[in-house]
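Good morning, and thank you for making time for this presentation. I would ask you to keep the model in view while I speak.

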Amino acid sequence: VVGLVLFGFGSGLMLQSTLGLSPWDVLHQGLTVQFGLSVGTWTVIVAFAVLVLWLPLRERYGLGTLLNALIIGPAIDVTTTIVPEPELLLPRTVLMVGGVIVVGLATGLYIGAHFGPGPRDGLMTGIARRGPSIRLTRAVIEITALVVGWVLGGTVGIGTLFFALAIGPIVQFFLPRLEVDIGR
């Protein structure tokens, strides 16, 4: 749960930086621009829509899967309410870089807990189990979310590029340090 709250906090910091978002948050923000509601609300709605896509893939839900869908969005909204959007580039850059690092740490916490994959992760593994590689599947899913979000008006910028380049190494650093040994 701490990892999920931190994930939403990190995403909220990136949102407040206005320098670019992760691909899925570009989509959530684009939906906000077009249809109203908050980015956090769209995060929850999209998470449950993605869970519906799990049904034909026969993916298994875990407690962490449902908590992921329910907690990250409200944590984003709380963060954007309490953290002001700075005007100067330096504090915006600090929010963006800090947000990516927090999301990486949070990912290590929630994946390492072994309570079930997040909705988007389960979609990736479910599709990849049927043929395409994880790498190709994840790339297509992320690029699709990014392009659709950008077309809808979501923010793509240097933060988006930084996220794409840095999130893998950051998660790779934190995951083995935070993973819970469940005796597998």
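**Helix packing, cores and two loop residues**

L37 is placed in the loop between α2 and α3. Helices here are DSSP runs (H or I, at least four residues), numbered from the N terminus. Before going further, I should state the basis: this is a predicted model, in which local features need pLDDT of at least 70 and side-chain atom pairs count only at pLDDT 80 or more, while totals for chains, interfaces and linings use all residues. Residues are numbered from 1 along each chain as its sequence is written, and side-chain values use heavy atoms, with hydrogens and water left out.

To return to L37, its phi is positive, at about 65°, although the residue is not a glycine. As general background, most residues other than glycine have a negative phi. L37 is exposed, with a relative accessible area of 52%; the classes are buried for under 20% relative accessible area, exposed for over 50%, and partly exposed in between, using a 1.4 Å probe and protein chains only. R58, in the loop between α3 and α4, also carries a positive phi, near 55°, and is a residue other than glycine. R58 is exposed as well, with a relative accessible area of 73%.

Let me turn to the helices on either side of L37. How do α2 and α3 cross? The axes of α2 (residues 23–35) and α3 (residues 39–57) come within 9 Å and cross at roughly 115°. Axes are lines fitted to C-alpha atoms, for helices over the stretch in contact, and angles run from 0 to 180 degrees between N-to-C directions. The crossing angle therefore makes α2 roughly perpendicular to α3; that label covers 65 to 115 degrees, with angles under 35 counted as roughly parallel, over 145 as roughly antiparallel, and the rest as oblique. The crossing of α2 and α3 is right-handed, meaning that the near helix is turned clockwise from the far one by less than a right angle, whereas anticlockwise would be left-handed.

On the α2 side, the residues meeting α3 include W24, L27, Q29 and F35; on the α3 side, V39, W42, T43, V46 and V50 take part. Contact means heavy atoms within 4.5 Å. This contact divides into eight nonpolar, four polar and one charged residues. In this scheme Ala, Val, Leu, Ile, Met, Phe, Trp, Tyr, Cys and Pro count as nonpolar, Asp, Glu, Lys and Arg as charged, and the others, Gly among them, as polar.

Q29 of α2 deserves a brief remark. At 15% relative accessibility, Q29 counts as buried. Leaving out residues up to four places away in sequence, Q29 touches L15, L21, V39, G153, G154 and T155.

Helix α2 also packs against α7 (residues 134–152), at an angle of about 25° and with the axes 7 Å apart. That makes α2 roughly parallel to α7, and their crossing is left-handed. Among the residues in this contact are W24, L27 and L31 from α2, and I141, A145 and W150 from α7. By class, the contact has twelve nonpolar, three polar and one charged residues.

Helix α3 has a further partner in α6 (residues 119–128), at about 25° with the axes 8 Å apart. Here too the helices are roughly parallel, and α3 passes α6 in a left-handed crossing. This contact comprises ten nonpolar, three polar and one charged residues.

One α3 residue, L51, is buried, with a relative accessible area of 3%. Apart from neighbours within four places in sequence, L51 is in contact with Y61, T65, L66, A69 and P119.

I close with the cores. Which residues have the most contacts inside the largest nonpolar core? They are F7, V100 and F163, in a core of 20 residues. A nonpolar core is a set of buried Ala, Val, Leu, Ile, Met, Phe, Trp, Tyr and Cys residues joined through side-chain atoms within 4.5 Å. Helices α1 (2–17), α4 (63–82), α5 (89–112) and α8 (158–178) each supply at least two residues of this core, and the largest share, six residues, comes from α8. V100 touches M14, F162, F163, A166, I167 and I170, not counting residues up to four places away in sequence. A second, separate core of 16 residues includes L51, A69, M124 and A145.
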